[in-house]
Amino acid sequence: MNYRKLKGTVDILPEESAKWQAIENQARNILHNYQFKEIRSPLFEQFELFARGVGETSDIVSKEMYDFKDKGDRHLALRPEGTAGIVRAYVENKLYAPEYHKPMKLYYIGSMFRYERPQSGRQRQFNQLGVEVFGSKNPAVDVETMALAMDIFKSFNIKDLKLVINSLGDADSRLKYREALINYLEPHFENLSKDSKERLYKNPLRVLDSKNEKDKAIVADAPSILDFLNQESKEHFEAVKTMLEELSIPYEIDKNMVRGLDYYNDTIFEVMTTHKKFGSNATICAGGRYDGLVEEVGGPSTKAFGFGFGLERLILLLDLMDYTYPSGPTLDAYVVTIGEKVNVAATRLTQYLRQNNMSVEREFLDRKPGKQFKTADKWHANYVFTMGEEELAKNKVTIKNLKNGRQENIDLTDFYADFERTFSEVKNKLKNKDE
């Protein structure tokens, strides 16, 4: 039987994996600058966690979750997004306790699962980088976290970026807006899509997020939630805008923008790219404030803010930009073997070099020396250690500097007795005179 990967999954081969590592390493450096710490959570959780946290009316819960019963008849789900699981971990491990610094800044990188139509940059198993900040209502948290997202993307020389923001207000503001929105949409009920009809009385704000063209035309003239913000939410949003301007971060306000997850309140945002090849105004990052979710899953009242973005979409964008990824780790040495009798000695030499913090590969296929040297050259090795039967009989090895072709024979007894001194002397001899 021939086995093939399942629809909506991909094999990330070594050449592609190098891109992922470069992106993750660069993002981790920036996250460190902002003092975010990594957290790792399970790939599956209780179904109810996502149903309550993400929202039963969301597409994720109602249409896209991979859920199943385990052998103990527990209803579980593969995580479709990262925030709910991180909030559960925050509550269960009592990270809100006084001994922990506030706000607590966490980030995660990992796989998510949604049953949706596979497309470029989005599979059924996809990978996401996300951040969560717990413990502060300060609008500076909103701005700092959005600035972090922009800094990550700018670090890859992405210039076609646009920050779009909106406010969903607090619970009181949303309740008043909900009534106004229902009153506006009811006369258009028959012309709404099936999904929007179902959402109208459950969560009318989700109608604003509809991708249906008829729905888009209807909500174009819908009342703006910004007109229903109470004084506290207005002041919070004004402070966010003021701080963005202070940091010279351009932004646009989209009064009809809502997030696809039900837990958001007050500030929400999306980072879009206007890159022509990627698609007009394509969202590459999204997030916002969610001050009620920690309490919803059993913790104390805790203010929070976060965002997430798909690594596949970022890689797709960088490839369209012909982005040059940083070169990976260099190969310090390649061990060339000549003759079967040197196999044991070559194994010892290779492991000794690695134990002295060198990146090393050796020959395993007994190819001709010329082909081995070509491999060392192709992999940009700094040095080649050649061990043949003649060298083995004399307990020596030949070291060659591939950059200039200079080489030296050294005694293995001395080499193994004092690596730092011996190898340092050899490297000096193998340098060009003008180095």
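Select strand 5 (residues 104–113) and strand 6 (residues 125–134) in this predicted model. The two run antiparallel and are joined by 10 bridges. For a single pair to centre on, pick Y107, which stands opposite V131 in strand 6.

Now widen the selection to the sheet that holds them. It is an open sheet of 8 strands in the order 1-5-6-11-10-9-7-8, with mixed pairing. Strand 1 (37–38) and strand 8 (252–253) stand at the edges; each has a single partner strand, so one side of each lacks a neighbour in the sheet. Add helix 9 (residues 231–246), which packs on this sheet and touches strand 7 (161–167), strand 8, strand 9 (265–273) and strand 10 (282–289). The direction of helix 9 makes about 165° with that of strand 7.

**Strand 7**

Hide the helix and keep strand 7. Of its 7 residues, 7 are buried. In a regular strand, side chains alternate between the two faces of the sheet. Here L161, L163, I165 and S167 point one way, while K162, V164 and N166 point the other way, and all are buried.

Show the partners of strand 7 next. Strand 9 runs antiparallel to strand 7 and is joined to it by 7 bridges; K162 stands opposite M272 in that strand. Strand 8 runs parallel to strand 7, with 2 bridges between them, and I165 stands opposite I253 in strand 8.

**Helix 9**

Bring helix 9 back. Its 16 residues should span 22 Å at 1.5 Å a residue, and the end C-alpha atoms are 22 Å apart, which agrees. Select S233, H236, F237, A239, V240, K241 and L244: these are buried in helix 9. What do the buried residues of helix 9 pack against? Their partners are helix 5 (139–154), helix 6 (171–185), strand 7, strand 8, strand 9 and strand 10. Just after the helix, stop at S248, which takes a positive phi of about 55°.

**D266**

Go to D266, which is found in strand 9. Is D266 buried or exposed? Its relative accessible area is 2%; buried means under 20%, so D266 is buried. Draw a line from the side chain of D266 to that of S233: a polar contact of 3.0 Å joins them. S233 is also one of the buried residues of helix 9. Leaving aside neighbours within four places in sequence, D266 is in contact with K137, N166, S167, L168, G169, D170, S233, R289 and D291. For a distance check, use E232: D266 and E232 are 34 residues apart in sequence and 10.0 Å apart in space, C-alpha to C-alpha.

**The sheet of 3 strands**

Move to the open sheet with the order 2-4-3, in which the pairing is antiparallel. Strand 2 and strand 3 (67–69) stand at its edges, each with a single partner strand, so one side of each is left without a neighbour in the sheet. Neighbouring strands of this sheet are turned by 35° against each other on average, direction ignored. Strand 3 and strand 4 (residues 75–78) run antiparallel and share 3 bridges; D67 has A77 in strand 4 as its bridge partner. Add helix 2 (residues 47–54), which packs on this sheet and touches strand 2, strand 3 and strand 4. Its direction makes about 75° with that of strand 2.

Within strand 2 (residues 44–46), select E45. With 9% relative accessibility, E45 counts as buried. Which side chain makes a polar contact of 2.8 Å with the side chain of E45? The partner is R88. Not counting residues up to four places away in sequence, E45 touches F50, L76, A77, G85 and R88.

**Helix 12**

The last stop is helix 12 (residues 343–355). Its 13 residues reach 18 Å from first C-alpha to last, close to the 18 Å expected at 1.5 Å a residue. Colour A345, A346, L349, T350, Y352 and L353, which are buried. These cover an arc of only 165° around the axis, which puts them on the same side of helix 12. An α-helix has 3.6 residues a turn, so residues three or four places apart point the same way. Then colour V344, R348 and Q355, the exposed residues on the face of helix 12 turned away from its buried side. End at N357, which follows helix 12 and has a positive phi near 65°.

Note on methods: Residues are numbered from 1 along each chain as its sequence is written. This is a predicted model: local features need pLDDT of at least 70, side-chain atom pairs count only at pLDDT 80 or more; totals for chains, interfaces and linings use all residues. Side-chain values use heavy atoms; hydrogens and water are left out. Helices (H or I, at least four residues) and strands (E, at least two) are DSSP runs, numbered from the N terminus. Buried means under 20% relative accessible area, exposed over 50%, partly exposed in between (1.4 Å probe, protein chains only). A polar contact is a pair of N or O atoms within 3.5 Å; within protein, one must be able to donate a hydrogen and the other to accept it, and residues adjacent in sequence count only if both atoms are side-chain atoms. Contact means heavy atoms within 4.5 Å. Two strands pair if DSSP finds at least two bridges between them. Axes are lines fitted to C-alpha atoms, for helices over the stretch in contact, and angles run from 0 to 180 degrees between N-to-C directions. The expected span of a helix is 1.5 Å times one less than its number of residues. The arc is that of the directions from the helix axis to the C-beta atoms.
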